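Let's take a walk through this structure together, starting at one residue and widening the view as we go. Have the sequence and the model side by side.

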Amino acid sequence: MRPRTRISTDQTERIQTLLDSSTDPRERERLLVARMATTGNYTLAMMATAVGRANSCVQTWLNKFVAGGV
């Protein structure tokens with residue numbers, strides 16, 4: 001089983017600022033998932049369903065976000 005990717009709640013403000021200023025739909029989609037991940041209220045499957053992507057795709061986005069990018 002793959003370990004869960006955690007995004008710290010202290011990233012919430014940064015994510016929201018980026019989300020508010022972004023006009024790129026792809027970037028906004030990834031930021032929305034990152035914001036959902038900071039709440040701890042959503043499973044990977046729930047986030048993937050919300051954006052219409054595969055679980056593996058959303059996991060990749062979260063890993064990249066944690067590594068420092070959107």
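Start at Gln11, which sits in the segment before helix α1, and that helix covers residues 12–21. Keep in mind that you're looking at a predicted model. Is Gln11 tucked away or out in the open? Somewhere in the middle: its relative accessible area is 25%, so Gln11 is partly exposed, as buried would mean under 20% and exposed over 50%. The side chain of Gln11 has a partner too, making a polar contact of 3.1 Å with the side chain of Arg14. Now look for Val66, which lies 55 residues from Gln11 along the chain; in space, their C-alpha atoms are 9.8 Å apart.

Next, hop over to helix α2, which spans residues 25–39 and includes Glu29. Glu29 has a relative accessibility of 16%, so this residue counts as buried. What does Glu29 touch, once neighbours within four places in sequence are set aside? The list is Val51, Arg53 and Trp61. With Arg53 there's a polar contact as well, joining the two side chains at 3.1 Å.

Time to zoom out. The protein has 4 helices and 0 strands, so reading from the N terminus you meet α-α-α-α. Of its 70 residues, 30% count as buried. If you take the contacts with a separation of 6 or more, 49% of them come from residues 24 or more positions apart. As for the outside, the accessible surface is about 4,700 Å², and carbon and sulfur atoms account for 50% of that.

Terms used: Residues are numbered from 1 along each chain as its sequence is written. This is a predicted model: local features need pLDDT of at least 70, side-chain atom pairs count only at pLDDT 80 or more; totals for chains, interfaces and linings use all residues. Side-chain values use heavy atoms; hydrogens and water are left out. Helices (H or I, at least four residues) and strands (E, at least two) are DSSP runs, numbered from the N terminus. Buried means under 20% relative accessible area, exposed over 50%, partly exposed in between (1.4 Å probe, protein chains only). A polar contact is a pair of N or O atoms within 3.5 Å; within protein, one must be able to donate a hydrogen and the other to accept it, and residues adjacent in sequence count only if both atoms are side-chain atoms. Contact means heavy atoms within 4.5 Å. Accessible areas come from the Shrake-Rupley method with a 1.4 Å probe; for residues, only the protein chains shown count as cover.
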